[in-house]
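Welcome! Take a moment to turn the structure around on your screen, and then we will walk through it together.

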Amino acid sequence: MSLEPGWFSLAAITGVLCIAAALPYLVVTLLRARPLDSRGLGHRLDKLAATAGVRRCRFLVWSARRRAAENALSVGLLPATRRILLAEPLLRNLGEDEIEAVCAHELGHFFYSHSVYLLVAILASIVPLEVMGHAGEHLGIVLAWGGLLLYLIVVWTLVMPRLSRHFELEADLFGAELVGWRAYTTLLGRQELPAGPRHPTGVSRVGRLEAMENAPRLRRKLLARGRLVRLGILVWMGVATTALAVSLR
Ligand SMILES: [Zn+2]
């Protein structure tokens, strides 16, 4: 039995979309997260989300035991599935102003639809795999596999980490403007965050924010780069799907 041309892209895109759609429900179920009490802190965070212009965002708590899990995460692509999950140690050890600052960062991710653009970038990174598979029929197996390997290295070691870091900086700027620069940078300094694949160190994030606070030109530059990055992702997706359509003819 031979498979129809285009089957790989269709199957991969369907698989990624199904995972992305199920992720908010999976995370909430696996972490056994429960809604945050809508009075007190819950009410304050709902007001923060409304001020941020992020609709239908729900705040939940999960029972992480380790202090290292003093953390928060956001999931959900569409307004109806937006969830911000707060670990119990975070609620125990941080003051309400600090928790608000943590949530302001996560609201920044929703405001700029970062997970939607990351999803489009992942889809755009998958589609050319089949294009190169078809190109291999003309170019030969060595060139096709070499090109494929180079493409994957460039996408996953250069493009995606930079994209993630840019989105984190954008969420930092959004958070700082939402709750106030001092409150936000104090939180980053207090957490002494180590560098990770997505985040620069806490010290470096504070440095970037302080530079932007003192020089509005840098703030405008970051936001302009953000618009360019989002446009770039859409163009990447457009080029990838056009290349696939041409290669399937
Ligand atoms: Zn973040």
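Is R32 exposed or buried? R32 is exposed, because there are 10 other C-beta atoms within 10 Å; a residue counts as exposed with 12 or fewer other C-beta atoms within 10 Å of its own, as buried with 20 or more, and as partly exposed in between, with C-beta atoms placed from the backbone. R32 sits in the loop between α1 (7–30) and β1, and its phi is near 50°, a positive value in a residue other than glycine.

Before we go on, a word about what you are looking at. This is a predicted model, in which local features need pLDDT of at least 70 and side-chain atom pairs count only at pLDDT 80 or more, while totals for chains, interfaces and linings use all residues. Residues are numbered from 1 along each chain as its sequence is written.

Now step back to the whole chain. The chain contains 9 helices and 4 strands; these are DSSP runs, numbered from the N terminus, with helices being H or I of at least four residues and strands E of at least two. Following the sequence, you meet them in the pattern α-β-α-β-β-β-α-α-α-α-α-α-α. The C-alpha trace spans about 65 × 40 × 30 Å along its principal axes. Of the 249 residues in the chain, 28% are buried.

Let us look at the strands next. The 4 strands make an open sheet in the order β1-β2-β4-β3, with mixed pairing; two strands pair if DSSP finds at least two bridges between them. At the edges are β1 (34–35) and β3 (72–75), each of which pairs on one side only. You can trace the sheet from one edge to the other. β1 and β2 pair in the antiparallel sense over 2 bridges, and R34 stands opposite V61 in β2. β2 and β4 then pair in the parallel sense over 5 bridges, with L85 in β4 as the bridge partner of L60. Finally, β3 and β4 pair in the antiparallel sense over 4 bridges, where L73 stands opposite L85 in β4. How enclosed is β2? It is largely enclosed by the rest of the structure, because 4 of the 5 residues of β2 are buried.

Strand β3 is also where you will find S74. S74 counts as buried because it has 22 C-beta neighbours inside 10 Å. Leaving out residues up to four places away in sequence, S74 touches I84, E106, H109 and F110; such a contact means that the C-beta atoms, placed from the backbone, lie within 7 Å.

A helix joins the picture here. α4 packs on the sheet and touches β3 and β4, and its direction makes about 25° with that of β3; axes are lines fitted to C-alpha atoms, for helices over the stretch in contact, and angles run from 0 to 180 degrees between N-to-C directions. α4 also meets α2: their axes come within 10 Å and cross at roughly 35°. Which residues meet there? L41, R44, L45, L48, A49 and A52 in α2 meet E96, I99, E100, C103, A104, L107 and F111 in α4.

Just after α4, S113 lies in the loop between α4 and α5 (114–139). Phi of S113 is near 50°, a positive value in a residue other than glycine. S113 counts as partly exposed because it has 15 C-beta neighbours inside 10 Å.

Finally, let us go inside. In soluble globular proteins, nonpolar side chains tend to be buried together. The largest nonpolar core here has 38 residues, and those with the most contacts inside it are L48, A49, L86, C103, A104, L107 and Y184; a nonpolar core is a set of buried Ala, Val, Leu, Ile, Met, Phe, Trp, Tyr and Cys residues joined through C-beta atoms within 7 Å. Several elements supply at least two residues each, among them α2 (41–52), β2 (58–62), β4 (83–87) and α4 (96–111). The largest share, 8 residues, comes from α6. L86 touches L36, F59, V61, A72, L91 and I99, not counting residues up to four places away in sequence. A second, separate core of 8 residues includes V131, M132, I233 and A240.

How values were computed: Contact = placed C-beta atoms within 7 Å.
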